[in-house]
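Here is my note on this structure for a colleague who has not seen it before. Please keep the sequence and the 3D view open while reading.

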Amino acid sequence: MNYYVAPMEGLTDRVWRQAHQKWFGYPSAPDRYYAPFLSPPENRVLIKKKMAELAPEANPGAPVIPQLLAKDGALAAWMIGQLRELGYREVNLNFGCPSGTVTAKGKGSGMLRDPARLDAFLAEVFSAVEGPVSVKTRLGISSPEEFADILAVYDRYPLSELIIHPRVMRQLYRGQADRDAFAKALPGCTMPVCYNGDLTTVEDIRAMETAFPALSGLMVGRGIIADPALLRQARGGAPASREELRGYLDDLYHGYTELFGSAGCAISRMKGHWFYLIHRFSGAEKLEKQLRKLREPWEYEVVVSQIFTLPML
């Protein structure tokens, strides 16, 4: 079964992908990394800074799949063409983001409010583009029962894959992913299906592989930020060593410092990673509080060195 990394804004950017590939890549790398969503510009003029995330030379190793957030089918089709010219074979459409600032504009999982509008969007895209197009979706807005009508739309189109996150928009990321609703929907899917949601341990991955052996893939998100060796372990490899974690985090810190031109800005990004990673260290509660409050590079470096003196879980 294929293993994918979910697109997570502010976490799975190109700096992270490069560091992850270096320390936890071949031969146990994810089969694909899905890049955080990109919105096509309405004036059809590409923004160099945003496109740098998808520059082929900045994304070596395992395949990177660009993800688009759009509500205009013609604009999405144009952007897919631009990405094809960069060499990207597959493009993923985001109908899953539950953020209020996104859904208020009718994008992300906001597209699921009106299956007829979703149908028109996909019709416009598939009438204009060739090659693999996949979709990442939620089950609906407020109830999993909405997914039957949504799936009927997806089944009309040659989606290369359907990635299902079995929550509804209004849940955001609260509560548990609804695996019963996922199981109920699966027989109606005419395309390959990948599961995404609450896969944070090797045991979670094994359970899904056992329950749904015909899936095309499993997509992990928060789990791989909390444990960058998660997929290596799922393939029978070793947990992350202290030396690997230190090298990985140092590369992230220096990579973000170079990207932003400021160690202070890099620290802000690193705090997002440490929010998940800190729980790998026993007795880190006091240092976790210090980490949240610090701002200066020297403070960050001192606290990280102290964290790495703690026992690893």
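Which elements make a right-handed β-α-β unit with β6? The points below start there; bear in mind that this is a predicted model.

1. **The unit around β6.** The partners are α6 and β7: together with β6 they make a right-handed β-α-β unit. β6 and β7 run parallel and are paired over 3 bridges. Within that pairing, T137 has I164 of β7 as its bridge partner.

2. **β6 is enclosed.** Strand β6 covers residues 133-137. It is largely enclosed by the rest of the structure, because 5 of its 5 residues are buried. Look at both faces. V133, V135 and T137 lie on one side, S134 and K136 on the other, and all are buried.

3. **β5 beside it.** Strand β5 spans residues 91-95, and 5 of its 5 residues are buried. V91, L93 and F95 point one way. N92 and N94 point the other way, and these are buried too. β5 pairs with β6 in the parallel sense, over 5 bridges. Two positions help to find the register: V91 stands opposite V133, and N94 has K136 as its bridge partner.

4. **On to β4.** β5 also pairs with β4, residues 67-68, again in the parallel sense and over 2 bridges. Here Q67 stands opposite N92. Helix α3, residues 73-85, joins β4 and β5 in a right-handed β-α-β unit.

5. **The whole sheet.** Now step back. The sheet is open and has 9 strands, with parallel pairing. Its order is β3-β2-β1-β9-β8-β7-β6-β5-β4. β3 (64-65) and β4 stand at the edges with a single partner strand each, so one side of each has no neighbour in the sheet.

6. **Helices on the sheet.** Helix α6, residues 147-154, packs on the sheet and touches β5, β6 and β7. The direction of α6 makes about 165° with that of β7. Helix α8, residues 202-211, packs on the sheet as well, touching β1 (2-5), β8 and β9 (217-220). The direction of α8 makes about 155° with that of β9.

7. **β7 and β8.** These strands, residues 162-164 and 193-196, run parallel and are joined by 3 bridges. I164 has Y195 of β8 as its bridge partner. I164 is also the bridge partner of T137.

8. **Helix α1.** α1 runs over residues 14-24 and is mostly covered, with 8 of its 11 residues buried. Among them are R14, W16, R17, H20 and F24. At the start of α1, a side-chain oxygen of D13 comes to within 3.3 Å of the backbone nitrogen of V15.

9. **R232.** Is this arginine buried or exposed? R232 has 14% relative accessibility, so it counts as buried. The residue is found in helix α10, residues 230-234. Leaving aside residues up to four places away in sequence, R232 touches W23, F24, S28, G237, A238, P239, A240 and E244.

10. **Cysteines.** How many disulfides does a search of the whole structure find? The count is 0. For C189, the closest cysteine sulfur is in C194, 12 Å away, which is too far for a bond. C189 counts as buried, at 14% relative accessibility. C265 has a relative accessible area of 40%, so it is partly exposed.

Technical notes:
Residues are numbered from 1 along each chain as its sequence is written. This is a predicted model: local features need pLDDT of at least 70, side-chain atom pairs count only at pLDDT 80 or more; totals for chains, interfaces and linings use all residues. Side-chain values use heavy atoms; hydrogens and water are left out. Buried means under 20% relative accessible area, exposed over 50%, partly exposed in between (1.4 Å probe, protein chains only). Helices (H or I, at least four residues) and strands (E, at least two) are DSSP runs, numbered from the N terminus. Two strands pair if DSSP finds at least two bridges between them. A crossover is right-handed if, with the strands pointing away from the viewer, the path from the first strand over the helix to the second runs clockwise. A polar contact is a pair of N or O atoms within 3.5 Å; within protein, one must be able to donate a hydrogen and the other to accept it, and residues adjacent in sequence count only if both atoms are side-chain atoms. Contact means heavy atoms within 4.5 Å. Axes are lines fitted to C-alpha atoms, for helices over the stretch in contact, and angles run from 0 to 180 degrees between N-to-C directions. A disulfide is a pair of cysteine sulfur atoms within 2.5 Å.
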